[in-house]
Amino acid sequence: IASVYCKYSRYKGQKKGNDRGFVSHETMRKDFFMENKQQPVVNICGSCILRDTFYYQGVYGKEKDGGYRINRYVNFFSPLALEQPPIPIYDRKAYEAFDLKPFGLTNFFRRCRRLDCERSFMEYLNAPADFLLVDTVMFRFQPYQMQVNGQKLICHGEHRPALEAMAKQGILPQLDEEVFSFESLSEEELHHRLQVYANQLKTVCPEERIILVETRHVFLQIDHANHVKSFSSTSQKIYRDGNRRMQKVFGILRELLPQAHLIPFPKQVLAETEHRLGVSGLHYTREYYEYCFQAVETIRKGLPRETEQEQIQALCDACTMQYTETYAGYIEESFAAVDVKKNQLQAERDRFLKYADFFRLYLEQHADVVRFCYKKQIRTIGLYAYNRITLYLRPILEEAGIHVRFIVENLPKSEQEKMKDFPQPFTLLSRGVKQYPETDAILVADVTVPDAIVAACRKRTTVPVYTVYDLLEKKP
């Protein structure tokens, strides 16, 4: 595409038709497609969702990119910053040489970030194509901001570690600790900035050739074994906030671009755990990309707008139905198993806390505990588990002259440090230790599966092993 487009680069920068030096899109398009009549060409202004709509067609057995040519593609930019001055790149040579691999990024990120800093991504998009695909994913994050010559400038709010590393090397300005708040914009200011964005989109592509694609984070993911699970609560909070921003912007752009084609977002869409770009609420399964591609193909037919939207809505409804019919069973099975496990864990937790409170009340009458140990001639003891029961038992035993020689528990280092505060020395053993030190007895304070634990302990010692149940006349 570079060699073909080079022939038309003479148009770049000519002052025809507008005050930003953009030549008429139709002029470039007619010349360009004289030699490219058979292959449809698109430019992309947005996220990997739009790029993958074409990429995955080749993965699924069709031609590369579904037979389309992707001419220009920009990502990682902030449309809200179009009227701001550029962000300076202090050392361009160092910027181009900066190693992005430790951050999991590529030269595509480098190029897009440079276009964002220069506020020049629209100039880059000023290239011939049949259609310009646009989504609102660039609005899902709060933009980063920085102080430059007394001004607060913003840029796309993603991949902060890489930008901070560049700033540390003096390549870019330092980022502010606080991000720019999308919600701080008044309705009038937001509409104004989006009007600027929409106007520039129309400058690089006729409005009737713009395709506005609705996008959303989804909250469920499925792997290749058809196991479905939800994203973490932290991710879901981020996704909900991002969806709210994307939907707001999508609604406004629909008003500002009434002649643009629309591709709505289906319901029941799932993310793919093994997606080529990693798991994310924006990395969908193949059904979505097939739907979006077919919607673009429908737009290419040049149907009357009402007919076109009816057919695209039918595709959207069919995609929703496909997700429902294909994955509903897997979702039900996966979450039924999760619910069972969750209920089991909740029941165990409730039972444990109930027992722990019961033992606390009982063990306050510690004469019975001491009497039990004296009766069994126990002067040194090991405790299995470090929990609420252990915390009450140990001082009672030590006060009665019954020394706790060791406690068996797997504890993180932070908890191990706290254990040093115990007034009497003892040994902390992991639950996987093969043999316990010499002592008169072992007391199991874990009430979840005591019988199994007793059996395991008896393989590691020859002394008697008791449970806290043995301290009571009967089980609670």
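## Helices across the sheet

In this predicted model, helix H13 (residues 388-399) lies across strands S11, S12 (403-408) and S14. The direction of H13 is at about 160° to that of S12. Helix H15 (residues 450-457) also lies across three strands, namely S11, S14 and S15. Its angle to S15 is about 165°.

## The five-stranded sheet

The strands that these helices cross belong to an open sheet of five strands, in the order S13-S12-S11-S14-S15. The pairing in this sheet is parallel. Strand S13 (427-429) and strand S15 (465-467) are the edge strands, each pairing on one side only. On average, neighbouring strands of the sheet are turned by 25° against each other, with direction ignored. In general, strands of a sheet pair through backbone hydrogen bonds, in either a parallel or an antiparallel way.

One pair can be followed in more detail. Strand S11 (residues 380-384) and strand S14 (residues 441-444) run parallel and are joined by four bridges. Tyr384 has Val444 in S14 as its bridge partner.

## Nonpolar cores

The largest nonpolar core has 78 residues. Within this core, Tyr197 and Tyr288 have the most contacts. Helix H10 (residues 286-300) supplies the largest share of the core, eight residues. Apart from this core lies another, of 34 residues, including Cys373, Ile402, Ile407 and Ala441.

Which residues does Tyr197 contact, leaving aside its neighbours within four places in sequence? They are Cys45, Phe77, Pro79, Leu82, Phe121, Met122, Val134, Phe139 and Leu253.

## Salt bridges

The whole structure contains 21 salt bridges. As a general point, side chains of opposite charge can pair when their charged atoms come close. One of the salt bridges joins Asp116 to Arg113, with 3.7 Å between the closest N and O atoms. Asp116 and Arg113 are separated by about one helical turn because they are three residues apart in helix H5 (residues 107-118). Both Asp116 and Arg113 are buried.

Helix H9 (residues 233-256) holds Lys237 and Asp241, four residues apart, or about one turn of the helix. Lys237 and Asp241 form a salt bridge in which the closest N and O atoms are 2.6 Å apart. Asp241 also meets Arg244 in a salt bridge, at 3.2 Å from N to O. Arg244 and Asp241 are three residues apart in H9, again about one turn of the helix. Are these three residues buried or partly exposed? Asp241 has 17% relative accessibility, so it counts as buried. Lys237 counts as partly exposed because its relative accessibility is 45%, and Arg244, also at 45%, counts as partly exposed too. Lys237, Asp241 and Arg244 are part of a network of salt bridges that also links Glu183 and Arg245.

## Positive phi in two loops

Most residues other than glycine have a negative phi. Asp65 has a positive phi, near 55°, and is not a glycine. Where does Asp65 lie? Asp65 is in the loop between helix H3 (48-59) and strand S2 (69-74). Its relative accessibility is 6%, which is under the 20% cut-off, so Asp65 counts as buried.

Gln268 is not a glycine either, and its phi is positive at about 70°. Gln268 is found in the loop between strand S9 (261-263) and strand S10 (271-272).

Technical notes. Residues are numbered from 1 along each chain as its sequence is written. This is a predicted model: local features need pLDDT of at least 70, side-chain atom pairs count only at pLDDT 80 or more; totals for chains, interfaces and linings use all residues. Side-chain values use heavy atoms; hydrogens and water are left out. Buried means under 20% relative accessible area, exposed over 50%, partly exposed in between (1.4 Å probe, protein chains only). Two strands pair if DSSP finds at least two bridges between them. Axes are lines fitted to C-alpha atoms, for helices over the stretch in contact, and angles run from 0 to 180 degrees between N-to-C directions. Contact means heavy atoms within 4.5 Å. A nonpolar core is a set of buried Ala, Val, Leu, Ile, Met, Phe, Trp, Tyr and Cys residues joined through side-chain atoms within 4.5 Å. A salt bridge is a side-chain nitrogen of Lys or Arg within 4 Å of a carboxyl oxygen of Asp or Glu.
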